[in-house]
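Please open the model in your viewer and keep the sequence panel beside it. The tour below goes from the whole chain to single elements and then to single residues, with a selection to make at each stop.

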Amino acid sequence: EERMGTLLACLEKGKAAGLPLSWTAPSGGMAVWLDTGSDSVKTAQLALKRGIFVHPGADFRLDGKFDTHLRLGFANQSAAEIKQGTGLLFEALRSGS
């Protein structure tokens, strides 16, 4: 719960900073689906160049939907790693727009 709370707080900060982010807080599980409003494959590639691995949403759908969504796992990361990772993800989002 603490890790999810950290991730959601970081996403709120990114949204407050002007990034077009939306998500639904999960009631359980180990990941958050983040809608970035941009090409998730391109964003995942830009994030990977910064050392952050995220899954493009389309990887989870046969029909290709969720093409602007990223799956952000938080189960194996510390709060500090989540904060650092979201910061790098936000850099990737800004560079890709």
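Colour the chain by secondary structure, and you should find three helices and four strands, which follow one another from the N terminus in the order α-β-β-α-β-β-α. Bear in mind throughout that this is a predicted model.

**The whole chain**

Show the C-alpha trace on its own and turn it along its principal axes, where the trace spans about 35 × 25 × 25 Å. The radius of gyration is 12 Å, which agrees with the value near 13 Å that a compact globule of 97 residues would have. Of the contacts between residues at least 6 apart in sequence, 61% join residues at least 24 apart.

Now switch to a surface. The protein exposes about 5800 Å², and 52% of that area is supplied by carbon and sulfur atoms, while 38% of the 97 residues are buried. If you colour the charged side chains, you will have 11 positive and 10 negative ones to look at, and the centres of these two sets lie 4 Å apart.

**Helix α1**

Select residues 2-16, which form α1. The end C-alpha atoms of this helix are 21 Å apart, in agreement with the 21 Å expected because each of its 15 residues is allotted 1.5 Å. Show the side chains of M4, T6, L7, L8, C10 and L11 and mark G14 as well, since these are the buried residues of α1. Their cover includes β1 (22-23), β2, β4 and α3. Just beyond the helix, stop at G18, which follows α1 and has a positive phi, near 105°.

**Helix α3**

Move on to residues 79-96, helix α3, where the 18 residues should span 26 Å at 1.5 Å a residue and the end C-alpha atoms are indeed 26 Å apart. Which residues of α3 are buried? Select I82, G85, T86, L88, L89, F90, A92 and L93 to see them. They pack against α1, against the strands β2 (31-35) and β4 (69-73), and against α2 (40-49).

For a contrast within this helix, select K83, which lies in α3 but is exposed, with a relative accessible area of 52%, a value that falls just on the exposed side because the cut-off is over 50%. Leaving aside residues up to four places away in sequence, K83 touches T6 and C10, both of which are among the buried residues of α1. A C-alpha distance drawn from K83 to I52 should read 12 Å, for a pair 31 residues apart in sequence.

**A44 in helix α2**

Next, centre the view on A44, a residue of α2. Is A44 buried or exposed? A44 is buried, since its relative accessible area is 10% and the cut-off for burial is under 20%. Around A44, beyond residues up to four places away in sequence, you will find I52, V54, P56 and L70 in contact with it. Then draw a C-alpha distance from A44 to L89, which is 8.6 Å although the two residues are 45 apart in sequence.

**L62 in a loop**

Finish at L62, in the loop between β3 (55-56) and β4. This leucine is exposed, with a relative accessible area of 97%. From L62 to E81 the C-alpha distance is 31 Å, across a separation of 19 residues in sequence.

Technical notes:
Residues are numbered from 1 along each chain as its sequence is written. This is a predicted model: local features need pLDDT of at least 70, side-chain atom pairs count only at pLDDT 80 or more; totals for chains, interfaces and linings use all residues. Side-chain values use heavy atoms; hydrogens and water are left out. Helices (H or I, at least four residues) and strands (E, at least two) are DSSP runs, numbered from the N terminus. The radius of gyration is taken over C-alpha atoms; the globule rule is 2.2 Å times the number of residues to the power 0.38. Buried means under 20% relative accessible area, exposed over 50%, partly exposed in between (1.4 Å probe, protein chains only). Contact means heavy atoms within 4.5 Å. Accessible areas come from the Shrake-Rupley method with a 1.4 Å probe; for residues, only the protein chains shown count as cover. Lys and Arg count as positive and Asp and Glu as negative; His and the chain ends are not counted. The place of a charge is taken as NZ of Lys, CZ of Arg, CG of Asp or CD of Glu. The expected span of a helix is 1.5 Å times one less than its number of residues.
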